[in-house]
Amino acid sequence: MTEIEQKTGMTDAECGQWDEYYTKNTLDPGPNLLKQGVKPGFARNTLLLSELDRDVAEYVRTQAQTTHKSQARVINDLIREKIALVL
């Protein structure tokens, strides 16, 4: 067993395959939550908003802080208002 196999549990060929894969394909880890001001342990509240536009996400965050509601509750209330207008 080679040194790499002992350290990684993979053969040299497997290591080479993964090395080639990550060299050719960019890794997108998602948004940098620390740069967005999210403290460790509070990512759960932010991940919901990662799919939204920056302005919309900021509005939801602000409303959640102001009204002392969860971000999901703010979004739920906004959608319920829209539904009530249609009906």
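The predicted model of the chain contains five helices and zero strands. Read from the N terminus, the order of elements is accordingly α-α-α-α-α. Of the 87 residues in the chain, 13% are buried. Among the contacts with a separation of 6 or more, 15% are accounted for by residues 24 or more positions apart.

The surface exposed by the chain amounts to about 7,700 Å², and 55% of this area is supplied by carbon and sulfur atoms. A nonpolar patch on the surface is formed by Trp18, Tyr21, Tyr22 and Leu27. Together, these four residues present about 480 Å² of accessible area. One member of the patch, tyrosine 21, lies in helix 2, which spans residues 12-24. Tyrosine 21 has a relative accessibility of 41% and is therefore classed as partly exposed, as this category covers values between the 20% limit for buried residues and the 50% limit for exposed ones.

A further local feature concerns the backbone at histidine 68. This residue is located in the loop that connects helix 4 (54-67) with helix 5 (71-86). The phi angle of histidine 68 is near 60°, a positive value in a residue other than glycine. With a relative accessibility of 73%, histidine 68 counts as exposed, because the cut-off for that class is over 50%. Tyrosine 21 in helix 2 and histidine 68 in the loop between helix 4 and helix 5 thus fall into the partly exposed and exposed classes, respectively.

Methods:
Residues numbered from 1 in each chain as written. Predicted model: local features only at pLDDT ≥ 70, side-chain atom pairs only at ≥ 80, totals over all residues. Heavy atoms only, no water. Patch = residues over 30% accessible without salt bridge, like charges linked within 9 Å, V, L, I, M, F, W, Y side chains within 5 Å. Areas by Shrake-Rupley, 256 points an atom, 1.4 Å probe, with all protein chains shown as cover. Salt bridge = Lys/Arg side-chain N within 4 Å of Asp/Glu carboxyl O. Helix = DSSP H or I, 4+ residues; strand = E, 2+ residues; numbered from the N terminus. Buried < 20%, exposed > 50% of the residue type's maximum accessible area, 1.4 Å probe, protein only. Contact = heavy atoms within 4.5 Å.
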